[in-house]
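User: I am new to this structure and would like to understand the reasoning behind some of the terms used for it. Could you take me through them?

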Amino acid sequence: MLLKDKVAIVTGGTRGIGRAIVLELAREGANVAFTYLRSQQEAESLCGEVEKLGRRALSLQIDVRDFQKAKELVEKVKEDFGRLDILVNNAGINKDKALMLMAKEDWQDVIDTNLTGTFNVSRNAIVTFLKQKSGDIINITSVSGIAGMGRQTNYAASKAGIIGFTKSLAKEVAAYNIRVNAVAPGFIETDMLSSLKDEYKDAIVKKIPLGRFGRAEDVTGVVKFLLSDAAGFITGQTIVVDGGLFIQ
Ligand code: NDP
C-alpha cells in the first residue's frame, strides 16, 4: 500500500472527484478526513465506505471560505488522528456567466471558494508540514485556468490563481521536504457537468481526442501518482488530465 497509515485531508469530499480521491487514498492505506458544505447524508455514507476499507474516516462540515474553520479543521484532524501528511485542496464551484452579466457575488463566491479556500486550508496545514519537515499538497485546478474558457472569467481566474499559488508554494517549501503539485482536469463527469446542455456536451465530446468525458477515477490515478515515491522529484507542476482536449 502506497499510503499506509498516512493521514490526509480532502476538501469537498462528498461528491464527484473529491469523493473518488477519498476512496482511492483509503484504498492505499490512508486514514482520511474530508469536508463538505451541505451533503451530510453523502458524508455519512462515505465514512461508512472508508471504514469498510479498514481505514478511519472523519467528515466535517467546514466551509473552506472561512479561515477560522480551516484552522479548526487542521486542529481537529491532528487531535483525532495524531498527525497530518497530505492535503488535497479539491473543493470548488463554478458560476458560469458572460462577464457583462456576472454579478459581483458570483465573481466573489467562486474566488473565495476555489482560490481563497485553497489558501485557507494550506495556510493552516503548512505550519504542521514545516514543523515535521514533510508533507504533500495537491491542488485541483482546471484546464480553464490554463487555456481560458468563455463564460468562466471568475472560474478561470480562480484556477489560474491556484496554478501560481502551487508554483510559488512549491519553491517556498521544497527545502522542507514538502511537495506541492496541481492536477488540471478537463471535462469530468460529475455534478459540475450536469448543468451543461446536452447539445453543448455532444459538441465538446467531439473535440476530445480520446473521444469521451473523463471519469473521476482518471483524476485520482494522477493524484495517487503525485503522492507516490515515483513522483518524489516532481514539485510545482500542473498535470493536465483532459483526454487531449487542450494539447499545447
Ligand atoms: P462537485 O460539484 O461534484 O463537488 C464539489 C465538492 O466541493 C462537494 O463535495 C461540495 O460539498 C464541496 N464544496 C463546494 N463548496 C464548498 C465550500 N465552500 N466548502 C467546503 N466544501 C465545498 O465538483 P467536482 O467533483 O466536479 O469538482 C471537484 C474539483 O475539480 C473542483 O475544484 C472543480 O473546480 C475541479 N474540476 C472539475 C471539473 C469537472 O469537469 N467536473 C473540471 C476541472 C476541474 P457539498 O457536497 O456539501 O456541496
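Analyst: What follows concerns a predicted model, and we can begin with one residue and then turn to the ligand.

User: Why is N154 called buried?

Analyst: The relative accessibility of N154 is 0%, and buried means under 20%, so N154 counts as buried. N154 has its place in helix α6, which covers residues 153–173.

User: What makes K95 and the side chain of N154 a polar contact?

Analyst: A polar atom of the N154 side chain lies 3.0 Å from the backbone oxygen of K95, and the cut-off for such a pair is within 3.5 Å, so the distance satisfies that limit. Neighbours within four places in sequence left aside, N154 is also in contact with other residues, including M102, D106 and W107.

User: How do you know that Y155 and I17 are in polar contact with the ligand?

Analyst: A polar side-chain atom of Y155 is 2.6 Å from an oxygen atom of the ligand, while a polar backbone atom of I17 is 2.8 Å from a ligand oxygen atom; the limit is within 3.5 Å, so both pairs qualify. The ligand alone would expose 900 Å², of which the protein buries 97%.

User: Which residues come nearest to the ligand, and which elements contribute to the shell around it?

Analyst: Of the 31 residues around the ligand, those that come nearest are R38, S39, N90, Y155 and T190. The ligand takes up the space of the largest pocket, and the elements giving two or more residues to the shell around the ligand are α1 (16–27) and α6.

Key:
Residues numbered from 1 in each chain as written. Predicted model: local features only at pLDDT ≥ 70, side-chain atom pairs only at ≥ 80, totals over all residues. Heavy atoms only, no water. Helix = DSSP H or I, 4+ residues; strand = E, 2+ residues; numbered from the N terminus. Buried < 20%, exposed > 50% of the residue type's maximum accessible area, 1.4 Å probe, protein only. Polar contact = N/O pair within 3.5 Å; in protein donor to acceptor, adjacent residues only side chain to side chain. Contact = heavy atoms within 4.5 Å. Near = heavy atom within 4 Å. Areas by Shrake-Rupley, 256 points an atom, 1.4 Å probe, with all protein chains shown as cover. 1 Å grid on protein atoms, 1.4 Å probe; cavity = no way out; pocket = protein on both sides within 12 Å on 5 of 7 lines; lining within 4 Å. Sits in = over half its atoms within 2 Å of the grid points.
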